[in-house]
Each structure stands twice: as C-alpha cells, then as structure tokens.
Amino acid sequence: MGRTYAAIDDSLRAFLCRQPVFFTGTAPLTADGHVNVSPKGLAGTFVVLSPTTVAYLDLTGSGVETIAHLRENGRITLMFCAFEGPPRIVRLAGRGTTVLASDPRFAELRREFPTFDGARSVVVVELDRIADSCGYGVPQMELVGDRAQLPEWAGRRGEDGIAAYQREKNASSIDGLVGMPSTEIP
C-alpha cells in the first residue's frame with residue numbers, strides 16, 4: 001500500500017463514506033500554539049463534493065480550534081482509519097474553508113447532509129494530497145452505533161440556546177485566535 005491519488009475515485013469515495021469516524025488535524029502558525037486533532041462522526045456528516053473537494057458538517061462543540069485555525073491559515077488534514085475489514089488509513093490534506101451558518105453559502109451546502117440541530121458550519125476542503133497507508137497498527141473494532149448525546153444536547157438547547165453557547169464557548173480558540181465572533185452567530 002502507501003499510494004497517492006490524483007483524485008477521489010468511486011472506490012475511494014465508498015471507503016471514505018463508509019467510515020463511521022474520521023479525525024481532523026489543524027494547527028496555528030505560531031510555534032508555541034496547540035495542534036488540534038478532533039474526532040468527527042455521526043452518519044452522513046462527511047461528503048465528497050467532487051474528485052478533489054470534500055466537506056463535513058461541523059456541529060457545535062466545546063471548542064472552536066478547527067474554525068480558528070482554518071481562519072488563520074487554512075491548513076487541514078482529514079484522516080480515515082478502517083476499524084473493520086481490511087486495514088487501511090487514508091489522509092486527505094488540503095486547504096479548508098469554514099462556511100458558517102451566517103454565510104449565504106451555508107444553506108446550499110447544508111442540503112448535502114442529514115438534519116442535525118446545532119450545525120454551526122460546513123467545512124469545505126480543497127484537496128492537494130490524497131494518500132493511503134497500510135493501517136496494520138490500527139485495531140479491529142466493531143461499531144455499536146452513533147452516540148445520541150450531541151444531537152440530543154443540541155435539541156434540548158434549541159436555536160437560542162445554541163447561539164448563546166456559541167457566543168460563550170466558541171468565540172476564540174485556546175490560543176486566543178478568532179473562532180466565531182458574535183457577529184457571525186445567527
């Protein structure tokens with residue numbers, strides 16, 4: 001294994017969309033800033049928009065590192081691991097853009113995904129490197145199912161509660177970078 005690809009073909013698309021979890025990696029430009037790695041999941045929250053463009057639905061969370069890092073420098077890598085079936089890791093590296101719910105483009109992109117309360121953005125990634133590796137060190141695991149806590153939490157808070165939470169917890173990153181200023185929270 002250990003191949004690079006010019007684009008996402010049908011076989012690679014099927015692998016990516018079949019994985020129940022993937023990880024995002026971003027970092028600020030400063031040498032003393034914190035590197036961020038976040039797990040992402042929930043069925044249907046990742047899509048392939050074109051052979052060199054992917055997107056994922058970003059749900060409200062306790063941090064805002066990915067949004068802040070993408071605002072600052074755009075660098076992002078998505079990593080997918082096969083926990084079932086043949087071992088495989090796929091990394092998608094590129095330049096990411098955060099399309100916040102306040103952005104007019106959000107409604108069109110949002111239609112690509114299932115309905116989830118608390119969606120704060122769609123992260124769109126223009127890929128400049130697509131590569132896989134063996135994944136021999138990744139354990140085999142069996143999927144039990146998606147966790148319901150995040151969608152239930154967002155549903156209980158409602159739109160106004162989510163907006164208040166975003167203003168309080170998502171305004172800046174742990175390194176003080178701009179996350180979601182209140183002017184961008186609907």
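Modeller: Two strands pair if DSSP finds at least two bridges between them. Helices (H or I, at least four residues) and strands (E, at least two) are DSSP runs, numbered from the N terminus. This is a predicted model, in which local features need pLDDT of at least 70 and side-chain atom pairs count only at pLDDT 80 or more, while totals for chains, interfaces and linings use all residues. Residues are numbered from 1 along each chain as its sequence is written, and side-chain values use heavy atoms, with hydrogens and water left out.

Colleague: What makes β2 and β3 a pair?

Modeller: Strand β2 (residues 21-26) is joined to β3 by six bridges in the antiparallel sense. The definition asks for at least two, so they pair. Within β3, asparagine 36 is the residue opposite threonine 26.

Colleague: Why is threonine 24 called buried?

Modeller: Buried means under 20% relative accessible area, exposed over 50%, and partly exposed in between, with a 1.4 Å probe and protein chains only. Threonine 24 has 1%, so the word applies. This residue lies in strand β2. Its contacts (heavy atoms within 4.5 Å) include Asn36, Ser38, Lys40, Tyr56 and Leu78, not counting residues up to four places away in sequence.

Colleague: How do you know which side chains of β3 share a face?

Modeller: In a regular strand the side chains alternate between the two faces of the sheet. In β3, one face has Asn36, Ser38 and Lys40, which are buried. Val37, Pro39 and Gly41 point to the other face and are not buried.

Colleague: What makes leucine 42 worth a remark?

Modeller: Most residues other than glycine have a negative phi. Leucine 42 is not a glycine, yet its phi is positive, about 75°. Leucine 42 sits in the loop between β3 and β4 (46-50). With a relative accessible area of 13%, leucine 42 also counts as buried.

Colleague: What makes a set of residues a nonpolar core?

Modeller: The members are buried Ala, Val, Leu, Ile, Met, Phe, Trp, Tyr and Cys residues joined through side-chain atoms within 4.5 Å. The largest core has 21 residues, of which Ile8, Leu16, Phe46, Val54, Leu78 and Leu92 touch the most other members. Two or more residues come from each of α1, β4, β5, β6 (75-81), β7 (89-100) and β8. The largest share, four residues, is from β8. A second, separate core has 13 residues, among them Phe106, Leu109, Ala119 and Val122.

Colleague: Why is the largest open space called a pocket, and what is its volume?

Modeller: On a 1 Å grid over the protein atoms alone, a cavity is a set of points where a 1.4 Å probe fits but cannot get out, whereas a pocket is an open set with protein on both sides within 12 Å along at least five of seven lines. A volume is the space filled by probe spheres set on the points, which are joined across faces, edges and corners. The largest pocket has a volume of about 1,100 Å³. Its lining (residues with an atom within 4 Å of a point) has 38 residues, and Pro20, Val21, Pro39, Lys40 and Gly41 are the closest to the centre.

Colleague: Which element gives the largest share of that lining?

Modeller: Strand β3 does, with five residues.
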